[in-house]
Amino acid sequence: MAEFISKEARVKTLIKHAFVVSVDPSIGDIDGGDILIENGVISAVGISIEAEGAEPIDATGCIAIPGFVDTHRHFWEGALRSSTADWALLDFAGNMLVLASTCLRPQDMYATSLQGGLEALNAGVTTVADYCHNVISPEHAEQAVQGLRDSGVRAIWCYSFNQTLPARSGFADMQSRLAFLEDFGTRQFSAPGELVTLGVCPEEMAYWPTSRDSVVKSFELARHFGAPIFVHANGYTVGDGEYPGEVELIDGFGLLGPDLTLVHMGYTKESEWQRLGEAGVNVSFTPETELQMGMNMPPITAAKATGVNISIGVDITANNSGDLFTQMRMALQIERAKLAAPHAGALYSRTGIDCAEALYWGTMGGARAVGLQDRIGSLTPGKDADVVLLRADGIAMVGWDRGNPSATVVQQAGTHVVDTVLVRGRVVKRDGRLLADERRACALLEQTSRHVRTEAAKQGGFDLSTEELYGRLSSRMAAADGQAA
Ligand SMILES: [Zn+2]
C-alpha cells in the first residue's frame with residue numbers, strides 16, 4: 001500500500017541555492033550550492049549546476065544536510081508514548097519488556113512501524129536501525145516490516161532473538177527462531193534495491209552463558225546474509241558495581257567484527273575499548289535514555305581514544321522524541337561537561353569538542369555503523385540522495401553564523417525547521433509537511449496505544465513495587481532458560 005502520493009523518485013531533481021553542509025571533507029560546505037539528483041542518486045554537488053529538464057527545488061534560505069542516521073531505535077515501543085518517561089531501567093524491563101511487549105498484536109507492530117517511520121522522516125531521520133526485540137510470532141515480523149516499507153523510511157529492520165514469555169510466544173524454541181530468520185531473511189530481503197534491509201540482534205547478553213550455541217548461530221546467520229549486528233552491551237553494572245565485561249564475553253565467543261554495533265556501553269573497561277578499536281567495532285550512544293535510566297554518560301572520549309566509530313540513536317520513543325538533534329546535542333554537551341570538569345569552575349578557552357563532530361555522529365558515523373557508508377551519510381556524488389533541507393531564514397534560525405553551519409544544525413535546529421526531506425531522491429516532506437497519509441498513521445497508532453494500555457492494565461499494569469518488578473523479570477529469565485538451545 002503506497003502511503004506517499006508519489007512512490008517514484010523524479011528522474012532528475014535539482015536543489016538550487018542551498019547552503020550545503022556536505023559532511024564530506026573533499027566537498028566541505030558550499031554557500032549557494034546546488035545538488036543534482038538523477039534516478040535517486042546524487043550526481044553533482046557544486047555551484048551553478050545546470051540540468052535541462054530537471055525538477056527544481058528552490059532551497060534559498062535553507063541549509064542542506066545529509067539525512068540523519070539513527071543506529072538504535074525500538075519502533076514498537078512507540079505504542080506507549082511518554083508512559084515510560086519517569087521510569088528507571090527496572091521499571092522499563094518489568095513493565096515494557098516483559099508485560100507491554102506481549103500485548104502488541106501483529107497489527108500493532110504495523111502501526112508502530114508506520115507511525116515511527118513517518119515520525120523519523122518528519123524529523124529528517126532518513127535511516128533507522130530498528131532493534132525489533134518484540135518478534136512474538138512470524139506475523140509480528142511480517143507486519144513490522146510492512147509498516148516500515150509503507151512509511152518510506154530507509155530502515156535496517158533487525159530481527160531480535162530476545163524472547164518473551166513462552167505462553168505468548170509463537171516460537172517453540174531458539175531453533176525455531178533461527179529457522180524462521182533463515183527463511184524470513186531469504187524471503188523478505190533478497191530483492192536488490194529495497195529501502196528496508198535486514199539486521200540481526202542476537203539474544204540479550206545476560207542470557208548468553210546459557211545460549212552459547214544459538215548465539216553463535218545467530219551471528220553466523222547474520223553474516224551469511226551480510227546483515228549488520230546490534231547488541232545492547234555494558235549498559236549496567238553487576239554485583240557490587242562491577243563493570244559487566246560484556247565485550248570480553250563477545251571476544252571470548254570470537255564474534256567481534258566491523259559489522260557489529262554495541263549499544264550504550266556506559267560501563268566499559270579501558271582494555272575493552274582497546275579490543276573494540278582493534279576489531280573495528282562501532283558503538284551507538286543513546287544519551288537521553290542512558291541518562292534517564294542509570295546507564296551512565298556516553299564514554300565518548302574513551303571510544304575516540306581507540307578509534308571506535310561513534311554513532312547515536314533515539315532508542316525509546318516512549319521516553320523521548322524521535323529526532324536526532326536532541327541526541328547529538330545531549331551527547332555533545334555531556335562530553336563538554338566532562339572535559340570542563342578538570343577546570344573546576346575556572347575560566348578557560350574552547351569547549352574541547354566541536355559541533356561538526358556531533359553532526360558526524362548523526363550522519364556518517366551512523367552510516368558506517370549500519371554498513372551503508374558508501375550509500376548514505378554525506379552529500380557525495382554517487383551516493384543515494386537522502387537529503388534534508390533545514391529552513392534557516394525563519395524566526396528560529398535567522399542570522400545564523402555562515403562560518404560555522406554545523407553549530408547551527410546541531411545547536412539551533414530541530415524538527416520545527418525540517419522543511420524538505422528526500423529519501424533516495426523521492427520527496428517525502430515538502431514545505432514542512434509530510435507527503436503521506438499522516439492521519440491514517442496517527443489513527444492506527446492511537447488504536448494501538450489504547451489497546452496496549454488496556455491489555456497491560458488487565459494484567460497487573462505498570463504501578464508495581466520493586467519486588468513485584470523483580471518477580472516479573474525472574475519469570476522471564478526462567479522462560480529463557482527453558483528455551484535455551
Ligand atoms: Zn535499546
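Reader: Let's start with N282: is it buried or exposed?
Author: Keep in mind that this is a predicted model. N282 is found in strand β12, which covers residues 282–285. Buried means under 20% relative accessible area. N282 comes in at 4% relative accessibility, so it counts as buried.

Reader: Which residues is N282 in contact with, leaving aside its neighbours within four places in sequence?
Author: Strand β12 is where N282 is found. Its contacts include P258, L260, T261 and L262, and on top of those come V308, N309, R368 and A369.

Reader: L262 turned up there, so what does L262 touch, not counting residues up to four places away in sequence?
Author: N282 is on the list, along with V281, V283 and S284. The others are V231, A233, V247, I250 and L276.

Reader: Which residues touch the most other members of the largest nonpolar core?
Author: As a rule, in soluble globular proteins nonpolar side chains tend to be buried together. Here the largest nonpolar core has 123 residues. A second, separate core of 17 residues includes I15, V20, L379 and L422. In the largest one, the residues touching the most other members are I63, W157, L262 and L390.

Reader: Now the metal: which residues are the protein donors of the zinc ion?
Author: The donor atoms lie 2.0 to 2.7 Å from the zinc ion. Along the sequence, the donor residues are spaced H-x1-H-x157-H-x82-D. Put names to that and you get H72 (NE2), H74 (NE2), H232 (NE2) and D315 (OD).

Reader: How many residues apart in sequence are the parts that H74 and H232 tie together?
Author: Both H74 and H232 are buried. H74 lies in the loop between β6 (68–73) and α1 (89–99), while H232 is in strand β10 (residues 229–233). So the pair ties together parts whose separation in sequence is 158 residues.

Reader: What makes the arrangement of the four donor atoms around the zinc ion irregular?
Author: Four donors count as tetrahedral if all angles lie between 85 and 135 degrees. Around this zinc ion, the arrangement is irregular because the four donor atoms subtend angles of 81 to 171°.

Reader: How many disulfides does the structure hold?
Author: Take two of the cysteines: C355 is buried, with a relative accessible area of 7%. C442 counts as partly exposed, at 44% relative accessibility. As for disulfides, the structure holds zero.

Reader: How many residues of α2 are buried?
Author: Helix α2 runs over residues 106–122 and reaches 24 Å from its first C-alpha to its last. After α2 comes G124, with a positive phi near 80°. The helix is mostly covered, and its buried residues number 14 of 17.

Terms used
Residues are numbered from 1 along each chain as its sequence is written. This is a predicted model: local features need pLDDT of at least 70, side-chain atom pairs count only at pLDDT 80 or more; totals for chains, interfaces and linings use all residues. Side-chain values use heavy atoms; hydrogens and water are left out. A nonpolar core is a set of buried Ala, Val, Leu, Ile, Met, Phe, Trp, Tyr and Cys residues joined through side-chain atoms within 4.5 Å. Buried means under 20% relative accessible area, exposed over 50%, partly exposed in between (1.4 Å probe, protein chains only). Contact means heavy atoms within 4.5 Å. Donors are N, O and S atoms within 2.8 Å of the metal (3.2 Å for Na, K and Ca); water is not among the atoms, so sites may look incomplete. Four donors count as tetrahedral if all angles lie between 85 and 135 degrees; four count as square planar and six as octahedral if opposite donors are over 155 degrees apart and all others between 65 and 115; anything else is irregular. Helices (H or I, at least four residues) and strands (E, at least two) are DSSP runs, numbered from the N terminus. A disulfide is a pair of cysteine sulfur atoms within 2.5 Å. The expected span of a helix is 1.5 Å times one less than its number of residues.
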